[in-house]
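Student: I would like a close look at one part of this model. Please take me through a helix, what surrounds it and what it leads on to.

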Amino acid sequence: MMKLQGKELRMEMSRRSFLTYSAAAGALGLVSPSLLVKGASAQEAMNGEVMSGSHWGVFNAKVTDGRAVEFTPWEKDPYPSFQLPGILDSIYSPTRIKYPMVRRAFLEGGAEAGPDSRGKGDFVRVSWDQALDLVASEIKRVQDKYGPSGIFAGSYGWKSPGRLHNCQTLLRRMMNQTAGFVNGTGDYSSAAAQVIMPHVMGTLETYEQQTSWPIVAENTTLMVFWSANPMKTNQISWAVGDHGGYEGLKALKEKGTKVIVIDPVRTETVEYLNAEWIAPRPQTDVPMMLGIAHTLFTENLHDQDFLDNYTTGFDKFLPYLTGDSDGVAKSAEWASEICGIPADVIKELAHAFAKNRTMLAGGWAMQRMHHGEQAHWMMVTLASMLGQIGLPGGGFGLSYHYANGGAPTSDGPALGGITDGGKATEGAAWLSESGSASIPVARVVDMLLNPGGEFDFNGTHSTYPDVKMAYWVGGNPFAHHQDRNRMIKAWRKLETFIVHDFQWTATARFADIVLPATSSYERNDIESVGDYSNRAFVAMKKIVDPVFEARNDFDIFADIADRLGNGDGFTENKDEMAWVKSLYDAAAKQGSALGVDMPSFEDFWEAGIIEFPVTKGKDFIRHASFREDPLLNPLGTPSGLIEIYSKNIEKMGYDDCPPHATWMEPEERLDGPGAKFPLHISANHPKARLHSQLCGTSLRETYAVAGHEPCVINTADAEARGIKDGDVVRLFNDRGQVLAGAVVSDNIMPGVVQLQEGGWYDPLNPGEENTLDKYGDANVLSVDIGTSKLAQGNCGQTIIGDVEKYTGEPVTVTVFEAPAEA
Amino acid sequence: MSSWHPPTREAIGDYRRGERAVWLSRLEEDPDLGPGIGAIAAVLASDEDDAAMTSHLGIAFGKLFDGIGGPYTVPPYESAYCGTGHLFQAPVSEMKQLIAESGLSVDSGFAEPADHLSIELTLAAHLLSTGGPQADQMLWRLRNWVPAFCSSCIAADATGFFAGAARALDGLVAAECRKLTTQSTHHTEEENIK
């Protein structure tokens, strides 16, 4: 097509001043005749409805003239998430990364230019070819100079669903074909539990199906949500959300089952189920459980037969419980002093637990803290004393709040995904073993700060590699990692930091090379509906064409692999749809063997979804077969039994993870010994986003206070500080300071303020030590230590600090509000 | 290809010492553009060398217009100033239609929606230059959202450079629309006399 010539255009400008001035505007970059070309657009705009899926569920997208204009939930979604409009907003957010960008100093001076301008937003737009050449040459440079352990590609985070466009797997797939890289082990969600539970139960427990909700609804007479808020967190799933857990919660409500919620916050779950709310001091779940266990034992309410037949080591735990070994009986009175719950209430809980068919539904906040391994170990010990593990509706469950655990599993086949070429492991897909070395993923900052330093992890002893480059996709570590100021200091150690994302997250802003990736709504993929239920497969069809210059991670990595000489190995000579078809066909073959009728891929793609029948899944009882015959169906522990005492852990000899569940004071806690600050800061999962995802959307307007992340504070604590509802407040401790907007409420216990994690870090002066975070990122304040030498998980809930009314210079920029004179 | 980018080092030099410096000083004399251009000139007159100013303005541009500023971004798209505030709303379709009716389309190398400020200004310039009947409509269209965009830009830009450009742009669009009103009134009076 012929472009309008600037000269031709300008010649006709004399008649109108606008034209003269628009030429001036051209000088300022506002107008360019070459933007418009003669002739019609070759692109045919799409109109109609497209079904797709997301972490928040299956939905139908209305598309008008190639633009997504409305998302409506799938009519069979039992409890659609109110966050769905935020997804649409995220596609069309002004914070989309539009073009490949490179930090100016890095582009001009290479890695030797130093990290000083990192995080300050000094980027230069480059072409895709320029960007990909740069990425490929950096991979080669770092590997040549520093060896395979010079690059960290253990990129972690909640990437979008889809079995092909799994960007983290694709990154490792690309890197596995190079000289090597450093990987990350575990995650930030349940790191402590997923390491301790295999020692105790032989299985991860956190990522496994729970006793089904129909069984719970029918048999459970006391449901205890301990540190779990399923009404909030079940909105999301790792795969495409099915929301089957809400049917279980509804069944509990309709039956009027007694529900107790143990949580510092009066949660949505308390409200919905009209539950009894018990609020111990945060981080004191273990002493509270010990107090209950002590009551059970001293009042002979424990199930000795179960302990004798299904567990090992209770005899070694008992002297600790009674105090025979250390002189401190873990009585209800002792527990009360620590957790703040009256001894009578603790004893009543013991009685109620023993009297009822009790399900202890444990959340993960209780293990995302210093010595977090102990909480779930103690919960299993308690459940073992109650003797109901493996019975219908009894025992414990560690995933009723996550991804709709307990929603009955269908008869459908498993859906595989593209692989990274590493060794597969049991459990979650991201736990695969890959790379030439690996660190516990939450120790990434330790690794950067201590190259060559020694660390323990689950019985192994290793040294940290000397990493010079990090490659991050599908994650936002500048939201999920702890102690932001320490992290920023560590990040200076990196010579090169590469990020793919679709939005300008805090992490992308700290990168040297930023590549714009498509959102999952701009590409074709396939995913299962329901992490546990596998209720259906959904065709995640492309809803709109990629916006701006965004490209699929698959194509980006294929091009980088190609530049590194491995292009065909990466793609296996299959394009997007060939991959999607091959994943479906492999599942269909398995389905056929299982007797599940599966249509052809073409018919599935046309229909958009295939649902599977649910038969046996409704009656699933976790650990029922073990209970039925522990010899024939042993657990995967060394003894085959529940290990209340672990000889394996004893052999490790860790001072911070003894061989049975034990109370150890965390690094800091509310009213703990030597506490330097008077308040606990509860950094729980947010209500209206997925960690940090969707923080950059219009959903923020539903919860932000004076433009900041909300901070819920008890009425008495607020009054004592002269804080009123709606005030801008400053939260601080010796690690950092953040602003937030006060919400004064009695729905939180005194001594605790809530600042939900995932708020986008927004430093006042990027790069300056201890600079104020203007928005409200809770992880500016959290402690960056491992849970223990065993799991080395993160301690995102170990935070104390203080709050004051903010009296400094206003920092809220009201760019969306026109000034008064306008 | 792109015309929507922060000033390059070469452009900064030209604004300060080259042809564009002369042009800016002439534009500063215009009552509608003067205040904005004056603000730009003041920024250019600072002690910063060209390289530092390029970096300084590049950072501001990225934060203002490219999304790096997160919630403080000032999107240069009409959609952002109507309805839900999302990008890619009805103005994109309307602009595509207007562009098509002019026998044109957006260059495929410019990966921006059709309601981008640059495209709307370019189409307005084209319609005015060719005497297209939709020129007035296009100017009113700009008048509907450009003032809000400019106000946000003026409020958010700490450098003064883009705030100055926004002031000048706002003045330009306002002046053109005033002319349309005058012409329209004059035209109606002429018709009445006949």
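Tutor: What follows starts with one helix of chain A and works outward. Keep in mind that this is a predicted model.

Take helix H6 of chain A, residues 167-176. Is it buried or exposed? Ten of its ten residues are buried, so H6(A) is largely enclosed by the rest of the structure. The buried set holds A:Cys167, A:Leu170, A:Leu171, A:Met174 and A:Met175, among others. It also includes A:Arg172, A:Arg173, A:Gln168, A:Thr169 and A:Asn176. The cut-off here is 20 or more other C-beta atoms within 10 Å of a residue's own.

Which elements cover H6(A)? Three strands of chain A are among them: S8 (182-185), S18 (469-473) and S19 (496-501). The cover also includes two helices of chain A, H22 and H23 (567-571).

Follow H22 outward. Helix H22 of chain A, residues 553-563, packs with helix H5 of chain A, residues 128-146. Two numbers describe such a pair: the angle between the axes and the distance between them. For H5(A) and H22(A), the angle is about 60° and the axes are 9 Å apart. The two helices are therefore oblique to each other. The crossing is right-handed. On the H5(A) side, the residues in contact are A:Leu132, A:Asp133, A:Val135 and A:Ala136. They meet A:Asp559, A:Ile560 and A:Arg563 of H22(A). Sorted by class, this contact has four nonpolar residues, three charged ones and no polar ones.

Now follow S8. This strand of chain A begins at A:Val182, and A:Val182 is in contact with A:Ala437. A:Ala437 belongs to strand S15 of chain A, residues 437-440. With 17 C-beta neighbours inside 10 Å, A:Ala437 counts as partly exposed. Leaving aside neighbours within four places in sequence, its other contacts are A:Ser149 and A:Pro465. The C-alpha atoms of A:Ala437 and A:Phe181 are separated by 6.9 Å. Along the chain, these two residues are 256 apart.

That long link has plenty of company. Take the contacts in chain A between residues at least 6 apart in sequence: 75% of them join residues at least 24 apart.

Two loop residues deserve a stop as well. Most residues other than glycine have a negative phi. A:Asn458 has a positive phi, near 50°. It sits in the loop between strand S16 (454-457) and strand S17 (460-463) of chain A. A:Asn458 counts as buried, because it has 21 C-beta neighbours inside 10 Å. A:Asn274 also has a positive phi, near 50°. Its loop joins helix H11 (268-273) to strand S11 (276-278) of chain A. A:Asn274 has 10 C-beta neighbours inside 10 Å, so it counts as exposed.

Finally, step back to the whole chain. Chain A has 28 helices and 30 strands. Buried residues make up 61% of its 822 residues. Its C-alpha trace spans about 100 × 65 × 55 Å along the principal axes. The radius of gyration is 27 Å, which agrees with the value near 28 Å for a compact globule of 822 residues. Back at the start, H6(A) has ten of ten residues buried, and H22 is part of what covers them.

Methods: Residues numbered from 1 in each chain as written. Chains lettered and ligands numbered in written order. Predicted model: local features only at pLDDT ≥ 70, side-chain atom pairs only at ≥ 80, totals over all residues. Axes fitted to C-alpha atoms, helices over the stretch in contact; angles between N-to-C directions. Helix = DSSP H or I, 4+ residues; strand = E, 2+ residues; numbered from the N terminus. Parallel < 35°, antiparallel > 145°, perpendicular 65-115°, else oblique. Left-handed = near helix turned anticlockwise from the far one by under 90°. Contact = placed C-beta atoms within 7 Å. Nonpolar A, V, L, I, M, F, W, Y, C, P; charged D, E, K, R; others polar. Rg over C-alpha atoms; globule rule 2.2 N^0.38 Å. Buried ≥ 20, exposed ≤ 12 C-beta atoms within 10 Å, placed from the backbone.
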